[in-house]
Amino acid sequence: MSGKSGLPVGYVVESKCTYFEPLSFPTPVTVGIRLGQLGRSSVRYELGIFNARAQSADSSGAKGTVAAPPAAAVAVEGTAACAVGYFVHVFVDANTGKPTQIPPRLRCVLQSLQSTQSSRRSPSSASLPSSPTTSPKAKKQIAAKL
């Protein structure tokens, strides 16, 4: 194990990405990230990757449609995600390798991010299911895989 003696170390223990639209260099991208879940020794971050050119070209005014698995409610208004995913950090004791509590200072920062996310949600969106609207193209892609 690397890290200073006695300090927790965060390891990525799980990750997933679902792709819906191709992106390639040099296309600029916008990445939306949110705190999906904050546990005792782990944290789940959820991401949406968007084509920045499509965002600036979209003038339809449609609300964010994100092709996403449940709970990956990362959205950029008016643009479907090209990819969505998540990763999980688990904090372990650097000496023993066993899960340990998230360090208090980091937990405080993560909780402030979590409360910021909650305050951004409108009252109407609070009652919506955790999975946002899926774009028609993404629905076809998902159905083809089933």
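Is Cys108 buried or exposed, going by its relative accessible area? Select Cys108 to begin the tour: with a relative accessible area of 51%, Cys108 is exposed, because exposure here starts over 50%. Keep in mind throughout that the model is predicted. Next, move the selection to Cys82, which counts as buried at 6% relative accessibility. A disulfide is a covalent bond between the sulfur atoms of two cysteines, and the count of disulfides in this model comes to 0.

**The whole chain**

Zoom out and colour by secondary structure, so that the 4 helices and 4 strands of the protein can be told apart. Read from the N terminus, the elements follow the order β-β-β-α-β-α-α-α. Of the 146 residues, 27% count as buried. Among contacts between residues at least 6 apart in sequence, 69% join residues at least 24 apart.

**The sheet**

Now select the strands, which form an open sheet of 4 strands with the order S1-S4-S3-S2 and antiparallel pairing. Strand S1 (8-19) and S2 stand at the edges, and because each has a single partner strand, one side of each is left without a neighbour in the sheet. Following the sheet across, you should find a twist that averages 20° from one strand to the next. Strands of a sheet pair through backbone hydrogen bonds, either parallel or antiparallel.

Start with strands S2 and S3, which run antiparallel and are joined by 9 bridges. A hairpin of 3 residues connects S2 to S3, and along this pair Gly32 stands opposite Gly48 in S3. Then shift to S3 and strand S4 (residues 83-93), where the antiparallel pairing extends over 8 bridges; here, Val43 has His89 in S4 as its bridge partner.

**Arg34 in strand S2**

Select Arg34, whose place is in strand S2. Is this arginine buried or exposed? With a relative accessible area of 16%, Arg34 is buried. Show the side chains of Arg34 and Glu46 together, and you will find a polar contact of 2.8 Å between them.

**Ala83 in strand S4**

Go on to Ala83, which is found in strand S4 and is buried, with a relative accessible area of 4%. Adding Tyr19 to the selection shows a pair that is 64 residues apart in sequence but 4.3 Å apart in space, taken from C-alpha to C-alpha. If neighbours within four places in sequence are left aside, Ala83 is in contact with Cys17, Thr18, Tyr19 and Phe20, and also with Leu47, Gly48 and Ile49.

**Asn51 in strand S3**

The next stop is Asn51, which lies in strand S3 and is buried at a relative accessible area of 18%. A polar atom of the Asn51 side chain lies 2.8 Å from the backbone nitrogen of Arg53. Not counting residues up to four places away in sequence, Asn51 touches Leu23, Thr27, Pro28 and Cys82, the last of these being the buried cysteine visited at the start.

**A cis peptide bond in the loop**

From Asn51, turn to Pro26, which sits in the loop between S1 and S2. Which residue does a cis peptide bond join to Pro26? The partner is Phe25, and omega for this bond is about 10°. Most residues other than glycine have a negative phi, and most peptide bonds are trans.

**The nonpolar cores**

Finish with the side chains of the largest nonpolar core, for which you should select the 7 residues Leu35, Leu38, Val43, Tyr45, Phe91, Ile102 and Leu110. The elements that give two or more residues to this core are strand S2 (29-38) and strand S3 (42-51). A second, separate core of 6 residues can be shown in another colour, and among its members are Tyr86, Val88, Val90 and Ala94. In soluble globular proteins, nonpolar side chains tend to be buried together.

Within the largest core, centre the view on Phe91 and display what surrounds this residue. Setting aside neighbours within four places in sequence, Phe91 is in contact with Pro8, Val9 and Gly10, with Ser41 and Val43, and with Lys98, Pro99, Thr100, Gln101, Ile102, Pro103 and Leu106. Two of these contacts, Val43 and Ile102, belong to the largest core along with Phe91.

Note on methods
Residues are numbered from 1 along each chain as its sequence is written. This is a predicted model: local features need pLDDT of at least 70, side-chain atom pairs count only at pLDDT 80 or more; totals for chains, interfaces and linings use all residues. Side-chain values use heavy atoms; hydrogens and water are left out. A nonpolar core is a set of buried Ala, Val, Leu, Ile, Met, Phe, Trp, Tyr and Cys residues joined through side-chain atoms within 4.5 Å. Buried means under 20% relative accessible area, exposed over 50%, partly exposed in between (1.4 Å probe, protein chains only). Contact means heavy atoms within 4.5 Å. Two strands pair if DSSP finds at least two bridges between them. Axes are lines fitted to C-alpha atoms, for helices over the stretch in contact, and angles run from 0 to 180 degrees between N-to-C directions. A disulfide is a pair of cysteine sulfur atoms within 2.5 Å. A polar contact is a pair of N or O atoms within 3.5 Å; within protein, one must be able to donate a hydrogen and the other to accept it, and residues adjacent in sequence count only if both atoms are side-chain atoms.
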